[in-house]
Amino acid sequence: SPMSDHNMEPKIRELMELKRMKEELEAEITTLEDEVKARMGDEETLLAGAFKVSWKPYTASRFDSARFKKDHAELAAAYTKTTTARRFSIN
């Protein structure tokens with residue numbers, strides 16, 4: 001049976017409230033970033049008073065593990081490492 005500790009309820013409530021606030025802040029940050037990007041358009045640099053904003057393109061290379069597993073399943077299995085972790089969730 002699950003462990004029970006009613007004294008932890010206020011901590012869990014505070015944690016849930018902070019997570020909600022974090023989500024709201026992340027949404028506000030994204031909105032403001034999008035406004036700046038919209039103003040910049042195709043420009044890579046914006047001077048805004050004491051701030052210099054850069055929004056430059058870059059190229060990244062990533063390993064396509066899904067395709068590798070599909071094309072070379074046996075080799076992928078030989079190099080696959082299984083780990084065990086604990087997932088923290090609140091319902």
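Modeller: L46 lies in strand β1, and the model discussed here is a predicted one.

Biologist: Why is L46 called partly exposed?

Modeller: L46 has a relative accessible area of 25%. Buried would require a value under 20%, and exposed a value over 50%. The value of 25% lies in between, so L46 counts as partly exposed.

Biologist: Which residues does L46 touch, not counting residues up to four places away in sequence?

Modeller: L46 touches V36, M40, F51, K52 and V53. Contact here means heavy atoms within 4.5 Å. V53 also stands opposite L46, in β2.

Biologist: What makes β1 and β2 a pair of strands?

Modeller: Two strands pair if at least two bridges are found between them. Strand β1, residues 45-48, and strand β2, residues 51-54, have four bridges. The requirement is therefore met, and the sense of the pairing is antiparallel. L47 stands opposite K52 in β2.

Biologist: What is found between the strands in the hairpin of β1 and β2?

Modeller: Two residues lie between the strands, and G49 in this hairpin takes a positive phi near 60°. Another positive phi, near 60°, belongs to G41, which follows α1.

Biologist: How do you know that the reach of α1 is close to what is expected?

Modeller: Helix α1 has 32 residues, and the distance from its first C-alpha to its last is 46 Å. At 1.5 Å a residue the expected value is 46 Å. Set against that expectation, the reach of α1 is close to it.

Biologist: How many salt bridges does the structure hold?

Modeller: The structure holds four salt bridges. In general, side chains of opposite charge can pair when their charged atoms come close.

Biologist: Why is the meeting of the E17 and R20 side chains called a salt bridge?

Modeller: The limit for a salt bridge is a nitrogen within 4 Å of a carboxyl oxygen. For E17 and R20 the N to O distance is 2.4 Å, so the pair qualifies. E17 and R20 both lie in helix α1, residues 9-40, three residues apart, about one turn of the helix. E17 is partly exposed at 35%, and R20 is partly exposed at 37%.

Biologist: What makes E24 and R20 a salt bridge?

Modeller: The N to O distance between E24 and R20 is 2.2 Å, which is within 4 Å, and the pair therefore counts as a salt bridge. E24 and R20 are four residues apart in helix α1, separated by about one helical turn. E24 has a relative accessible area of 41% and is partly exposed.

Biologist: Why is the pair of D71 and R67 called a salt bridge?

Modeller: The closest N and O atoms of D71 and R67 are 3.4 Å apart; the limit is 4 Å, so D71 forms a salt bridge with R67. D71 and R67 both lie in helix α2, residues 65-71, four residues apart, about one turn of the helix.

Biologist: Why is R67 called exposed, and why is D71 called partly exposed?

Modeller: R67 has a relative accessible area of 55%, which is over 50%, so R67 is exposed. D71 has 43%, between 20% and 50%, and therefore counts as partly exposed.

Biologist: Which residues do salt bridges that share partners join into one network?

Modeller: E17, R20 and E24 are joined into one network.

Biologist: How many aromatic pairs are counted?

Modeller: The count comes to one aromatic pair. The rings of F63 and F68 have their centres 5.4 Å apart, within the 6.5 Å limit, so these rings pair. Their planes stand at 55°, neither under 30 degrees nor over 60, and the pair is therefore tilted. F63 is exposed at 64%, whereas F68 is partly exposed at 26%.

Biologist: What makes N91 exposed?

Modeller: N91 has a relative accessible area of 95%, which is over 50%, so N91 is exposed. N91 lies in the segment after α3, residues 73-78.

Biologist: How far apart in space are N91 and G41?

Modeller: N91 and G41 are 42 Å apart, C-alpha to C-alpha, and 50 residues apart in sequence. The C-alpha atoms of L46 and I90 are separated by 42 Å, with their positions 44 residues apart along the chain.

Note on methods: Residues are numbered from 1 along each chain as its sequence is written. This is a predicted model: local features need pLDDT of at least 70, side-chain atom pairs count only at pLDDT 80 or more; totals for chains, interfaces and linings use all residues. Side-chain values use heavy atoms; hydrogens and water are left out. Buried means under 20% relative accessible area, exposed over 50%, partly exposed in between (1.4 Å probe, protein chains only). Rings of Phe, Tyr and Trp (its six-membered ring) pair if their centres lie within 6.5 Å; planes under 30 degrees apart count as stacked, over 60 as edge-to-face and the rest as tilted. The expected span of a helix is 1.5 Å times one less than its number of residues.
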